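Please open the model in your viewer and keep the selection panel at hand. The stops below go from the whole chain to single strands and then to one side chain.

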Amino acid sequence: MTQPLLRVENLQTHFATRAGTVKAVDGVSFDLRRGEILGLVGESGSGKSVTGQSILGLVDPPGRIAGGRVLFDGEDLVTAGEKRLRAIRGRRIAMIFQDPMMTLNPVLSVETQMVEAVLAHDKVGRAEARRRSRDALGRVGIASPEERLAAYPHQFSGGMRQRVAIAIALLHSPDLILADEPTTALDVTIQAQILFEVQTLCRDTGTALLWVTHDLAVVSALADRVAVMYAGRIVETGPIADVIQAPRHPYTRGLLDSVPSRNRRGVPLRSIPGMTPSVLDLPKGCAFQPRCGRADAACAVMPELPENGHAWRCWHPHDADARGAAA
Amino acid sequence: MIVFILRRLTQSAVVIAAMAVLVFTGIFAIGNPIDVLISPEADEVERAAAIARLGLDQPMHVQFARFVESAVGGDLGTSFVHGVPALGLVLQRFPATLELALAAMLLAVLLGIPLGLWAGLKPDSVAGRVIMTGSILGFSLPTFWVGMMLIMAFAVQLGWLPAGGRGQTASLFGVQWSFLTRDGLAHLILPAINLATFKLSLVIRLARAGTREVALQDYVKFARAKGLSPARVVGVHILKNIMIPVVTVLGLELGSVIAFSVVTESVFAWPGMGKLLIESILQLDRPVVVAYLLLTVLLFVVINLVVDLIYSMLDPRIRLGGGRA
């Protein structure tokens, strides 16, 4: 078996606050192969964004990586120095953020922001850097890229800004792109376009993609595999079709049931009872048990997540073929 | 852009006109200069003659009309005390004040922005805390006291720097400047530090607050995710964003430093406009006070215009808004 491009092992990212240590990411492990698209799904506060930022060492204080390893092409990024990380950021692992209104610096022109990204890693002239930036803009479907280079972020719509951010991410043809809910802030139609384009671009260049989102519908259209996070842990993971068609963890099932669908017109939308638990005060064992209809005494111990294939952390999983019939 | 400037100039003209009325009315209310100007021994005839000569027997609106008429021609009246044109008297003192103010602002910016950046990037570090504590001192210690302490320490005890005056000056563009000679520069240091203390604290606090806010923005994280060096992230992405509020406040402060460096000028016997103003007010030298105030207003208006222009260079969103209007 070949080495995965990215292997996250038992990653723990903690935030020291006055009220105590918040374990935003608490023992997350997953693999990502070259060219693969993995969807990382969870609610707000489940630790999915922090997981993405931890990979590149971009967690702001008071957050810090408390344990685990992030093996990228065999190299541990957790113990790598800042200088080594900087050489990888943007060149081999690029990142796209959630809110395109916020990811481009409002006082710098698009040209400045793209050219500096080229020059950060390649010793080329300004003209060459500019040419590459222009081509990258053209590649993500921005019309008349030559003129648009001189523009400032506020002159672009949200969708266009996200395209610019994607163009910046693609500048160095990275091996991996960490996308942190990049379509959440966009219109549905723009979202669909961008999803399609990112998918195509990644397929063409063989770039692997970690797509962080709360939207299972997006993941099902895009990803090869999915990992569902709850309260800092992965509760279910597997090939996308398996998880969507036969979710085993009650939380995954709850998420899927709360997605509106045409097929269930007139039936009240199901929601997961209760609220996301406070990360400061997680229940012992399975964090989902207070909201779970199947919880019992066994749930006081956290089940382990098996290694391969379709796996789930639950003592009382749903049956493989039962979706939609009962519960 | 031209439309923008023209519109601003029109606004400025209105401000100056309104200020002229205010200043004139105000100065009219503060007392009769005749009592100070004419010796107590003078008799009624002499007194009446002097009043008529200065135009003080006319009703207020007539005096104002005459004042405006000559002001438009650049004549703001003749100093009662010195017997020379008031405007010339004020302008003659202007370079000294300008020099002091610019030196103080330069100090405040060159020290304040790096210190504020540092305190904003590392708010919990020892250095960050020391910087912030220092800025509180800079805010709260009274200027005259700091000035006297500076003289005490560096002029009297250590004897490193002179305690007052402008020292030797040299000519540039037909104006005398202190900073061009070694001696003048030595004279400039203490008053400049004194005048800069408050502004320095202000700049530190502004820069720190801005840095703390901007450093958390997604675009800073995105810049880091591009693999940029910390120097580039801080020096370009953060700095350019925090400069917007800093420039705004500095512009206003530059005006106030020039106009109201009265305390520092008095403590260090710096022969600038502030010292002249205090003397003129005490002697009820009406034309000089009026000339000083109008010149100050003009200064504020010009500085504000310049700040707006710099502002639009820093922030592209403003530039385009102004261009379209």
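What follows is a tour of a predicted model, with a selection suggested at each stop.

**The whole chain**

Begin with chain A as a C-alpha trace, which spans about 65 × 50 × 45 Å along its principal axes. Its radius of gyration is 21 Å, which agrees with the value near 20 Å that a compact globule of 327 residues would have. Switching to a cartoon, you can look for 11 helices and 11 strands, while a surface display covers about 14,400 Å² of accessible area, of which 52% belongs to carbon and sulfur atoms. Of the 327 residues, 53% count as buried, and among the contacts with a separation of 6 or more, 64% are between residues 24 or more positions apart.

**Strand β3**

Next select residues 37-41 of chain A, which form strand β3; five of its five residues are buried, so the strand is largely enclosed by the rest of the structure. Turning the view from one face to the other, you find Ile37(A), Gly39(A) and Val41(A) on one side and Leu38(A) and Leu40(A) on the other, all of them buried.

Now add the two parallel partners of β3(A), namely β8(A), residues 208-213, which is joined to it by five bridges, and β9(A), residues 225-230, which pairs with it over four. Leu38(A) is a useful residue to centre on, as it stands opposite Leu210(A) in β8(A) and has Arg225(A) as its bridge partner in β9(A).

**From β9 to β10 and β11**

From Arg225(A), step across to its bridge partner in β10(A), Pro239(A). Here the pairing is antiparallel, with six bridges between β9(A) and β10(A), and the two strands form a hairpin with two residues between them, where Ala231(A) in the turn has a positive phi of about 50°. Selecting β10(A) as a whole, residues 233-239, shows a strand in which six of the seven residues are buried, so it too is largely enclosed by the rest of the structure. Two bridges then join β10(A), again in the antiparallel sense, to β11(A) at residues 311-312, where Ala311(A) is the bridge partner of Thr237(A).

**Arg161**

For the last stop, select helix α7(A), residues 158-170, and within it Arg161(A). Which side chain of opposite charge is nearest to Arg161(A)? It is Asp99(A), 6.9 Å away, and Arg161(A) is buried yet has no salt bridge. Showing the surroundings of Arg161(A), and leaving aside residues up to four places away in sequence, brings up its contacts with Pro100(A), Met101(A), Leu104(A), Pro153(A), His154(A) and Phe156(A).

Key:
Residues numbered from 1 in each chain as written. Chains lettered and ligands numbered in written order. Predicted model: local features only at pLDDT ≥ 70, side-chain atom pairs only at ≥ 80, totals over all residues. Heavy atoms only, no water. Buried < 20%, exposed > 50% of the residue type's maximum accessible area, 1.4 Å probe, protein only. Lys, Arg positive; Asp, Glu negative; His and termini not counted. Salt bridge = Lys/Arg side-chain N within 4 Å of Asp/Glu carboxyl O. Contact = heavy atoms within 4.5 Å. Pairing = 2+ DSSP bridges. Rg over C-alpha atoms; globule rule 2.2 N^0.38 Å. Areas by Shrake-Rupley, 256 points an atom, 1.4 Å probe, with all protein chains shown as cover.
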